[in-house]
Amino acid sequence: MSEIIQKKEISRLCFGTWGIAGSTSNSPAYGFVDLQDSLTILEKAIFEYGIDFFDTSPAYSEGKAEELLGYFNQRKNIKICTKVGRWNLSDKPNWDIARSSLSLRASKKRLKQDTLDIVLIHSPDESDIEKIKFLYEFYLMQKHLVKSRN
């Protein structure tokens with residue numbers, strides 16, 4: 001079983017970033033989004049409205065949503081929930097350990113974090129349950145996901 005490392009206070013609202021960076025050929029969202037508009041929206045959410053909890057995924061605009069959050073994460077310690085299993089929204093989920101590890105390393109780089117606050121399994125299916133259980137046990141043994149940021 002997993003363990004809680006540290007209780008963290010977060011805002012009551014979580015900002016979902018699926019459409020914040022716009023669509024790509026492999027990651028449909030809401031169409032074109034101006035980068036400056038995205039930055040303005042995130043800045044307002046963080047600094048004016050006090051939102052410090054964000055949901056993202058490497059599949060959202062092929063990692064661009066994570067990159068936008070990484071920009072703000074350097075300025076303010078925000079809490080981020082990302083996902084594993086999908087590189088883009090056109091592909092089926094993939095629970096391979098090597099691919100998932102590569103995805104998490106890339107997410108940490110884009111988010112400018114040494115550790116991840118929360119990681120979700122993205123779009124699991126009943127047929128994937130054994131692969132997901134194996135992946136989960138692997139990461140618990142590695143302990144690189146349960147290490148807490150201060």
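In this predicted model, the largest nonpolar core has 25 residues, and those that touch the most other members are Phe15, Ile20, Leu42, Phe54, Leu68, Leu69 and Ile78. Two or more residues are given to this core by each of helix H1 (35-48), helix H2 (64-73), strand S3 (79-84), helix H3 (97-111) and helix H4 (129-142). Ile20 illustrates the packing: once its neighbours within four places in sequence are left aside, Ile20 is in contact with Phe15, Val33, Ser38, Ile41, Leu42, Ala65 and Leu68.

The strands form an open sheet of 4 members in the order S1-S2-S3-S4, with parallel pairing. Strand S1 (15-16) and strand S4 (118-121) are the edge strands, each of which pairs on one side only. Strand S3 is joined in the parallel sense to S2 over 3 bridges, and to S4, which also runs parallel to S3, by 4 bridges. The following table lists residue pairs from these strands.

| Residue | Partner and its strand |
|---|---|
| Phe54 | Ile80 in S3 |
| Thr82 | Val119 in S4 |
| Lys83 | Leu120 in S4 |

Two connections around S3 have their handedness assigned. The chain passes from S2 through H2 to S3 in a right-handed β-α-β crossover, and S3, H3 and S4 likewise make a β-α-β unit that is right-handed.

Why is S3 described as largely enclosed by the rest of the structure? The description follows because 6 of the 6 residues of S3 are buried, burial being taken as under 20% relative accessible area. Lys79, Cys81 and Lys83 point one way from the strand, whereas Ile80, Thr82 and Val84 point the other way, and all of them are buried. Of these residues, Ile80 is the one that stands opposite Phe54, itself among the core residues that touch the most other members.

Helix H2 is likewise largely enclosed by the rest of the structure, because 7 of its 10 residues are buried. The buried residues in H2 are Ala65, Glu66, Leu68, Leu69, Gly70, Phe72 and Asn73, and they pack against H1, strand S2 (53-55), S3 and H3. Within this buried set, Leu68 and Leu69 are also among the core residues that touch the most other members, while Ala65 and Leu68 are both in contact with Ile20.

Terms used:
Residues are numbered from 1 along each chain as its sequence is written. This is a predicted model: local features need pLDDT of at least 70, side-chain atom pairs count only at pLDDT 80 or more; totals for chains, interfaces and linings use all residues. Side-chain values use heavy atoms; hydrogens and water are left out. A nonpolar core is a set of buried Ala, Val, Leu, Ile, Met, Phe, Trp, Tyr and Cys residues joined through side-chain atoms within 4.5 Å. Buried means under 20% relative accessible area, exposed over 50%, partly exposed in between (1.4 Å probe, protein chains only). Contact means heavy atoms within 4.5 Å. Two strands pair if DSSP finds at least two bridges between them. A crossover is right-handed if, with the strands pointing away from the viewer, the path from the first strand over the helix to the second runs clockwise.
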